[in-house]
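Please describe this protein chain for someone who has not seen it before. A short report with headings would do.

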Amino acid sequence: MAKKTNIKNIKNNNSNKVNFFQENNSLVEIIKILPLIIFIFVLPFIIRLKLIPLQEPFYGFWKGERINADFFTYYKQIFIYIVTVWALLHTFLFTKKIKFTKAYYFMGAYAVLVILSTIFSKYPQIALHGFVERREGMWVILCYLLLMFSTINLVETEKQIKAIIYTLGISGAVISIISIFQYFGMDIFATEFATDFMISKEIQAQIKEFNIKFGEKYSYGVFYNPNYLGGYISFYAPLMLSFAIISKGIKEKIIFAVFFILSIFALYGSRSEAGVVGTLIAIGILAIVLVSRHIIKDKPKETHKRLLFTRIVPVFLAIIILPLSLSYLPIEQNPITRIKTQVIELFKPSDLKGKDYKEIGPINDIKQIDEQTIELKLYNTITRLNVDKNMNLKIFDKDNNILLNMKVIPEEKIEQQILNITDYFCYLKIKDLGNGNYGIHYYYNNDKWEKLDFLVYNGEISFTTPSFKIVDIEKDLYAKHIGFEGKGNIGSGRGYIWSRSIPLVLDHLIIGSGQDTFITEFPQYDIYGRQAEGMPQYYWNILTDKPHNTYLQIGIHSGLLSLIVVLAGLVILLYKSFKNVIFDDEYLDFNIISFGILGFMISSIFNDSIIAITPIVYILLGINVVGLIKTKNKKVDS
């Protein structure tokens with residue numbers, strides 16, 4: 001009897017366990033995706049100062065600073081590593097069987113090309129860990145793909161979708177509110193509370209005076225750049241509008257509608273053309289898809305008016321109201337006006353064809369005459385810089401008259417006005433670099449004090465970057481370019497950057513230069529091209545560390561083949577998702593995600609991938625893939 005009683009008790013206990021999991025099934029579903037929920041909510045708000053000593057090769061390509069003050073990427077990178085491992089543990093703990101999807105082929109191919117590009121990179125340290133203030137190295141890209149893999153296998157139900165979307169909605173609403181306050185001059189990051197949050201007491205004690213000022217007269221949210229805020233809104237706003245439309249309960253509709261409206265105000269404050277274009281196109285395609293569904297699928301007359309006013313009218317109102325509201329901004333701040341102006345400019349004939357870029361000036365030529373002499377031609381005036389074995393620096397005019405003769409002395413500032421020889425002021429600043437190396441900053445143009453940089457060592461002089469890395473005058477001062485000739489200023493200089501980036505993609509057909517190595521590949525000292533495109537002279541000494549285009553970024557970093565793989569995967573995903581939204585009644589929550597992805601894809605034409613935003617989009621991609629799997633399985637079962 002005792003044995004039977006024990007067996008009976010064991011059965012009852014097992015029954016209780018089953019009942020517990022059945023009753024708490026919703027809780028288990030949320031626990032499964034907890035890493036994803038925390039990741040989506042927390043990632044954008046990780047802003048903390050880290051002082052990072054720069055070693056080679058990072059220092060050589062940076063701005064001449066030995067220590068980088070990083071607020072926005074160092075701790076985000078660590079957070080991504082931690083949550084990726086956590087998400088993988090959940091994947092193997094909670095998943096009985098790994099889902100199969102053709103998306104793995106695209107993900108795997110991209111991962112292999114990223115790894116190969118890192119292995120064969122000239123700068124594997126950068127390719128592995130990412131460059132200064134970006135940190136999108138190979139490990140981070142693989143984390144993106146692993147987060148997508150975990151999402152595909154952890155997300156199963158509509159409750160999980162709602163949990164993720166609500167989390168994203170609340171996080172984005174907080175970002176939007178911060179952005180709105182910034183627009184009206186009330187920046188939370190300028191407060192003492194934010195300072196204590198972002199800078200440790202230890203660092204505050206080391207630095208007696210510091211001024212945290214990320215921007216003014218525009219909104220940037222938590223991304224330090226208004227364009228990145230626009231990129232975030234480009235997927236957030238279409239998502240919130242989509243869920244406001246498809247949600248069944250009136251409370252949910254109102255909540256998502258409020259999230260959407262707040263994001264539009266944030267977009268208004270960012271004045272980001274990329275965000276506006278991405279948001280408008282995504283909402284426009286959403287309208288077309290919903291109208292198509294209304295005509296093809298939702299035909300019953302009794303639902304005609306309800307569908308019209310709950311789904312289609314809100315989308316068209318969003319499309320109309322957004323441009324109208326933006327039109328009230330002053331012309332210099334209005335993204336709609338700027339987009340229209342630049343589109344017109346794009347189709348105007350170029351005035352640079354057949355011109356010698358050197359003649360445009362003010363830098364007409366730089367020549368290495370010999371190891372001791374460099375000849376400069378500025379404002380059509382020739383001067384020669386000569387260094388001898390005794391470290392004497394002489395400056396000659398074109399007739400070999402000595403304009404300046406001095407000993408190279410560290411940190412001595414020499415001002416010289418050479419009125420009878422040249423029309424411009426100039427002065428030198430000499431820096432002791434150690435080990436017998438001296439750097440010379442040659443300042444000219446008294447309006448803005450532009451400069452050229454030189455390295456002096458053992459009686460030899462070389463033209464260099466601001467961090468005194470030697471530049472090849474013959475190869476680097478004139479770069480290959482494709483397109484946008486005479487239109488370099490389009491898109492705040494994007495025309496110029498894209499025209500010099502396209503040849504770099506064509507140079508990396510199969511294997512790329514390695515993740516985040518764009519700064520090592522881009523022709524930083526294409527001086528003649530920059531001045532020909534009418535860029536301000538101060539721009540010539542600004543390092544270009546990103547292409548302002550995610551697709552060019554992928555093509556350069558991991559090769560043209562990887563770009564084709566990524567684009568093919570995205571196009572197939574969007575096509576199938578839009579088709580499911582039109583023709584299918586089930587899994588709408590999964591497939592409607594595609595409109596947010598589309599908005600991000602459009603804005604990515606003008607924006608770079610950053611670690612504060614891109615991994616969130618990879619999670620959305622994973623949800624979208626789950627929608628395709630579920631729709632396919634349903635058709636097979638039926």
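Which residue in strand 5 does Thr 373 stand opposite? Thr 373 stands opposite Asn 386. The report below starts from the whole chain and then returns to the strands.

## Overview

This is a predicted model. The secondary structure of the chain comes to 26 helices and 12 strands. The chain has 638 residues, and 56% of them are buried. Counting contacts between residues at least 6 apart in sequence, 67% join residues at least 24 apart.

## The five-stranded sheet

Five strands form an open sheet in the order 3-4-5-6-7, with antiparallel pairing. Its edges are strand 3 (363-370) and strand 7 (402-407), each of which pairs on one side only. On average, neighbouring strands of this sheet are turned by 15° against each other, direction ignored.

Within the sheet, strand 4 (residues 373-378) and strand 5 (residues 381-387) run antiparallel and are joined by six bridges. The pair Thr 373 and Asn 386, with Asn 386 in strand 5, belongs to this part of the chain.

## Strands 1 and 2

Strand 1 (residues 50-53) and strand 2 also run antiparallel, and four bridges join them. Lys 50 has Asp 70 in strand 2 as its bridge partner.

In a regular strand the side chains alternate between the two faces of the sheet. Strand 2 (residues 67-70) shows such an alternation. Asn 68 and Asp 70 point to one face and are buried, while Ile 67 and Ala 69 point to the other face and are not buried. Asp 70 is thus described twice here: as the bridge partner of Lys 50, and as one of the buried side chains of strand 2.

## Around strand 1

Ile 47 lies in the loop between helix 3 (34-42) and strand 1. Is Ile 47 buried or exposed? Ile 47 is buried, because its relative accessible area is 4%, and buried means under 20%. Leaving out residues up to four places away in sequence, Ile 47 touches Phe 71, Phe 72, Lys 76, Phe 189, Phe 197, Met 198 and Val 222. Ile 47 and Ala 194 are 147 residues apart in sequence, and their C-alpha atoms are 9.5 Å apart in space.

Pro 57 is in the loop between strand 1 and helix 4 (58-61). The peptide bond from Glu 56 to Pro 57 is cis, with omega near 5°.

## Nonpolar cores

The largest nonpolar core has 114 residues, and Leu 168, Phe 235 and Ile 613 touch the most other members. Helix 12 (residues 226-246) gives the largest share of this core, 14 residues. Phe 235 touches Leu 168, Gly 596, Phe 600, Ile 613, Ile 616, Val 617 and Leu 620, again not counting residues up to four places away in sequence.

A second, separate core has 35 residues, including Ile 395, Leu 403, Phe 463 and Tyr 525.

## Two helix pairs

The axes of helix 9 (residues 158-183) and helix 13 (residues 250-270) come within 8 Å and cross at roughly 35°. The crossing of helix 9 past helix 13 is left-handed. Among the contact residues are Ile 165, Gly 169, Ala 173 and Ile 177 of helix 9, and Ile 255, Phe 259, Leu 262 and Ala 266 of helix 13. By type, the residues of the contact are 14 nonpolar, five polar and two charged.

Helix 19 (residues 490-506) and helix 22 (residues 550-558) pack with their axes 8 Å apart, at an angle of about 35°. Helix 19 passes helix 22 in a left-handed crossing. Helix 19 contributes Trp 498, Ser 501, Ile 502, Leu 504 and Val 505 to the contact, and helix 22 contributes Leu 552, Gly 555 and Ile 556. Six of these residues are nonpolar, two are polar and none is charged.

## Positive phi angles

Phe 484 is not a glycine, yet has a positive phi of about 60°. Phe 484 sits in the loop between helix 18 (473-476) and helix 19, and counts as partly exposed at 24% relative accessibility.

Ser 492 is in helix 19. Its phi is near 55°, a positive value in a residue other than glycine. Ser 492 is exposed, because its relative accessible area is 62%, and exposed means over 50%.

Technical notes. Residues are numbered from 1 along each chain as its sequence is written. This is a predicted model: local features need pLDDT of at least 70, side-chain atom pairs count only at pLDDT 80 or more; totals for chains, interfaces and linings use all residues. Side-chain values use heavy atoms; hydrogens and water are left out. Buried means under 20% relative accessible area, exposed over 50%, partly exposed in between (1.4 Å probe, protein chains only). Two strands pair if DSSP finds at least two bridges between them. Axes are lines fitted to C-alpha atoms, for helices over the stretch in contact, and angles run from 0 to 180 degrees between N-to-C directions. A crossing is left-handed if the near helix is turned anticlockwise from the far one by less than a right angle, and right-handed if clockwise. Contact means heavy atoms within 4.5 Å. Ala, Val, Leu, Ile, Met, Phe, Trp, Tyr, Cys and Pro count as nonpolar, Asp, Glu, Lys and Arg as charged, and the others, Gly among them, as polar. A nonpolar core is a set of buried Ala, Val, Leu, Ile, Met, Phe, Trp, Tyr and Cys residues joined through side-chain atoms within 4.5 Å.
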